[in-house]
Amino acid sequence: QVQLVESGGDLVQPGGTLRLSCVASKSILSINGMGWFRQAPGKQRELVAEMSRGGTTNYADSVKGRFTISRDSEKNTVYLQMNSLKPEDTAVYYCAADNFIQRGRPWARYWGQGTQVTVSS
């Protein structure tokens with residue numbers, strides 16, 4: 001069982017920057033995969049970025065080159081650095097743990113409560 005508490009969502013202008021934080025209830029080095037998903041209005045929840053226990057990363061094509069997932073194991077925290085934000089990045093962002101593939105799509109066993117990111121001028 002993993003509890004996840006995320007924060008950092010805000011209203012920002014296009015081109016702006018945010019960093020989301022996710023604090024886990026256990027060592028993130030003991031979790032087999034963590035990441036960030038997002039769900040925009042009228043859209044399915046989608047994988048944004050993920051990191052394996054070993055530190056390898058994977059990004060959605062839509063955010064590649066703009067977003068960076070990172071971790072601080074001493075703080076049990078995973079981050080999502082979001083640069084060059086676009087209106088289409090607007091969504092509720094969810095921290096996730098124990099990522100896996102379900103019916104051909106990325107999913108996760110544990111979820112944070114979500115934090116709203118709104119990109120608008």
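Buried here means under 20% relative accessible area, exposed means over 50%, and partly exposed is what falls in between. Keep that handy for the exercises below, which all work on a predicted model.

**Exercise 1. Is Asp98 buried, partly exposed or exposed, and what is its phi?**

Step 1: find the residue. Asp98 sits in strand S9.

Step 2: apply the cut-offs. Its relative accessible area is 21%, so Asp98 goes down as partly exposed.

Step 3: check the backbone. Asp98 isn't a glycine, yet its phi is positive, at about 60 degrees.

**Exercise 2. Work out how S9 pairs with S10, and look at the turn between them.**

Step 1: S9 (residues 91–102) and S10 (residues 105–111) pair in the antiparallel sense, over six bridges.

Step 2: pick out a pair. Phe100 has Trp107 of S10 as its bridge partner.

Step 3: now the turn. The hairpin has two residues between the strands, and Arg103 takes a positive phi near 55 degrees there.

**Exercise 3. Lay out the four-stranded sheet and say which strands stand at its edges.**

Step 1: write down the order. The sheet is open and runs S1-S3-S8-S7, with antiparallel pairing.

Step 2: read off the edges. S1 (4–7) and S7 (67–72) each have a single partner strand, so one side of each lacks a neighbour in the sheet.

Step 3: add the twist. Ignoring direction, neighbouring strands in this sheet are turned by 20 degrees against each other on average.

Step 4: take the S1 end. Four bridges tie S1 to S3 (residues 18–24), running antiparallel, and Glu6 faces Cys22 in S3.

Step 5: sort the S1 side chains. In a regular strand, side chains alternate between the two faces of the sheet. For S1, Leu4 and Glu6 are on the covered face, while Val5 and Ser7 are on the uncovered one.

Step 6: go to the S7 end. S7 and S8 (residues 77–82) run antiparallel and share six bridges; one of the pairs is Asp72 with Thr77 in S8.

Step 7: check the link. Asn76 lies in the loop between S7 and S8, and although not a glycine, Asn76 has a positive phi of about 50 degrees.

**Exercise 4. Compare Leu80 and Arg66: where is each one placed, and is each buried or exposed?**

Step 1: Leu80 belongs to strand S8. Its relative accessible area is 0%, so Leu80 is buried.

Step 2: look at a spatial neighbour of Leu80. Phe67 is 13 residues away in sequence, with a C-alpha to C-alpha distance of 6.7 Å.

Step 3: Arg66 is in the loop between S6 (57–59) and S7. Its relative accessibility is 11%, so Arg66 counts as buried too.

Step 4: ask what the Arg66 side chain meets. One of its polar atoms lies 2.8 Å from the backbone oxygen of Ser62.

**Exercise 5. How many cavities of 30 Å³ or more turn up, and what lines the largest cavity?**

Step 1: think about the method. Rolling a water-sized probe over the atoms shows where empty space is left.

Step 2: count. Searching the whole structure gives one cavity of 30 Å³ or more.

Step 3: size it. The largest cavity has a volume of about 60 Å³.

Step 4: list the lining. Ile28, Ile31, Met34, Met51, Ser52, Arg53, Arg71 and Val78 do the job.

Step 5: sort by class. That lining comes out as five nonpolar, one polar and two charged residues.

Terms used. Residues numbered from 1 in each chain as written. Predicted model: local features only at pLDDT ≥ 70, side-chain atom pairs only at ≥ 80, totals over all residues. Heavy atoms only, no water. Pairing = 2+ DSSP bridges. Axes fitted to C-alpha atoms, helices over the stretch in contact; angles between N-to-C directions. 1 Å grid on protein atoms, 1.4 Å probe; cavity = no way out; pocket = protein on both sides within 12 Å on 5 of 7 lines; lining within 4 Å. Points joined across faces, edges and corners; volume = space filled by probe spheres on them. Nonpolar A, V, L, I, M, F, W, Y, C, P; charged D, E, K, R; others polar. Buried < 20%, exposed > 50% of the residue type's maximum accessible area, 1.4 Å probe, protein only. Polar contact = N/O pair within 3.5 Å; in protein donor to acceptor, adjacent residues only side chain to side chain.
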